[in-house]
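Let's take a friendly walk through a protein fold, one piece at a time. Have a look at the picture, and then follow along.

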Amino acid sequence: MISSNAGLVPRGILSGQVRRLNDLSQSRLTIPAFAKINWSLRVLGKRPDGYHEIDTILQAVSLHDTIGFQSTDDSKIALWCDDRSIPTDERNLVWRAAAALRERYSINQGVKIRLEKRIPVEAGLGGGSSDAAATLLALSQLWELRASAQELLAIAESLGSDVPFSLYGGTARGAGRGNVIEPLKDLPEQHLLVVKPNASVSTANAYDALNSRTLTTSDVKPILVRSRPSDFSVSFDPSVLHNDFEPTVFQLEPEIERAKVALLKSGAQTAMLAGSGSAVFGIFENQNAQERAIQAIELETGWRAFPCKTVGRSHCETALGPAGELVARLFR
């Protein structure tokens, strides 16, 4: 079943009507954490530190988790999530982000965090990274920290390669291991349909497959040779989209390739693997085409589909409310 508004930013969110509970004390804040896709993802080779050098164009989309924060007078970090499969201790990036801020700024306060998951896990959509970035921004606001952009970016990098991008939102280029962010002019709004099949491929497994001997001697080696930084035009052209992980991920999990084919059959202008997988997304000419695809797409048992659209940087900032003001001040 596909909800016609699944993943779309609620009207109140885009108009800046962020839910504030107890405005007098400003002890509570609820904000969205936006998913991301990669318009382009090229793996340039392995770095001496063991990570991979990449060249990527990242894009925030309206599919989002919702995170509520309540500052407390004790020193505890209490995390609750509506998805019981997700850990709520130090294994969770949200918990670790809160702990990193408390340690860095010697905070005596604690926090209760309620995480409502909508971004599927192990999908290449950056849900955990976005949740961590939202936590850094929200708690910087609630705890009234005088954090600099450099300090927040350093904490973000320590949490994961995709976390720095989620501090910026909108459209941006990622270099290094994806952590060196160059904000780009927002592209025209695009209507998307994200499909998450039953198959899952972790980022670690995707990179391992890219480097494995059997794949490197056949499909993957030419990909690595061809992978070079390339300009990304601000005038959107679906034909330039590229993801180096597609051949390896499709070989590992053919079901993911079937999901891409299903999107193309439903009328997508183009479709591509999201990040390192396992979700795929299709781009549609307009909202009418997107809605027709929602009705037409053939989903296998257990597949989930999320209609959404691209989200520009100014919309991200508005949706974050007071935390967005912090983004605009530090990262503009």
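In which sense do β1 and β2 pair, and over how many bridges? The two strands pair in the antiparallel sense, over 16 bridges. Keep in mind as you read that this is a predicted model.

**The strands**

Start with the hairpin that β1 and β2 form, with 5 residues between the two strands. In the turn you will find G50, which has a positive phi of about 95°. Along the paired strands, V43 stands opposite I54 of β2.

Strand β2 has other partners too. With β5, residues 171–175, β2 shares 4 bridges, and the two run antiparallel. Strand β4 is joined to β2 by 7 bridges, again in an antiparallel arrangement. The table gives the bridges and one facing pair for each partner.

| Partner of β2 | Bridges | A facing pair |
|---|---|---|
| β1 | 16 bridges | V43 and I54 |
| β5 | 4 bridges | G174 and T56 |
| β4 | 7 bridges | I113 and F69 |

How many of the 21 residues of β2 are buried? The count is 19, so this strand, residues 52–72, is largely enclosed by the rest of the structure. A general point helps when you look at strands: in a regular strand, side chains alternate between the two faces of the sheet.

Now look at R28, which lies in strand β1 (residues 28–46). Its relative accessibility is 31%, and because partly exposed covers values between 20% and 50%, R28 counts as partly exposed. R28 and I113 are 85 residues apart in sequence, yet their C-alpha atoms are 9.8 Å apart in space. I113 is the residue of β4 that stands opposite F69.

**Helix α2**

Next comes helix α2, with 13 residues running from 93 to 105. Why should this helix span 18 Å? Each residue adds 1.5 Å, with one less than the number of residues used in the product, and the end C-alpha atoms are indeed 18 Å apart, which agrees.

At the start of the helix, a side-chain oxygen of N92 comes to within 2.8 Å of the backbone nitrogen of V94. Just after the other end, S106 takes a positive phi of about 50°.

Which residues of α2 are buried? They are L93, V94, A97, A98, A100, L101, R102 and Y105. An α-helix has 3.6 residues a turn, so residues three or four places apart point the same way. Among the elements that cover the buried residues of α2 are β3 (77–81), β4 (110–116), α3 (127–142) and α4 (149–159).

Notes
Residues numbered from 1 in each chain as written. Predicted model: local features only at pLDDT ≥ 70, side-chain atom pairs only at ≥ 80, totals over all residues. Heavy atoms only, no water. Buried < 20%, exposed > 50% of the residue type's maximum accessible area, 1.4 Å probe, protein only. Contact = heavy atoms within 4.5 Å. Polar contact = N/O pair within 3.5 Å; in protein donor to acceptor, adjacent residues only side chain to side chain. Pairing = 2+ DSSP bridges.
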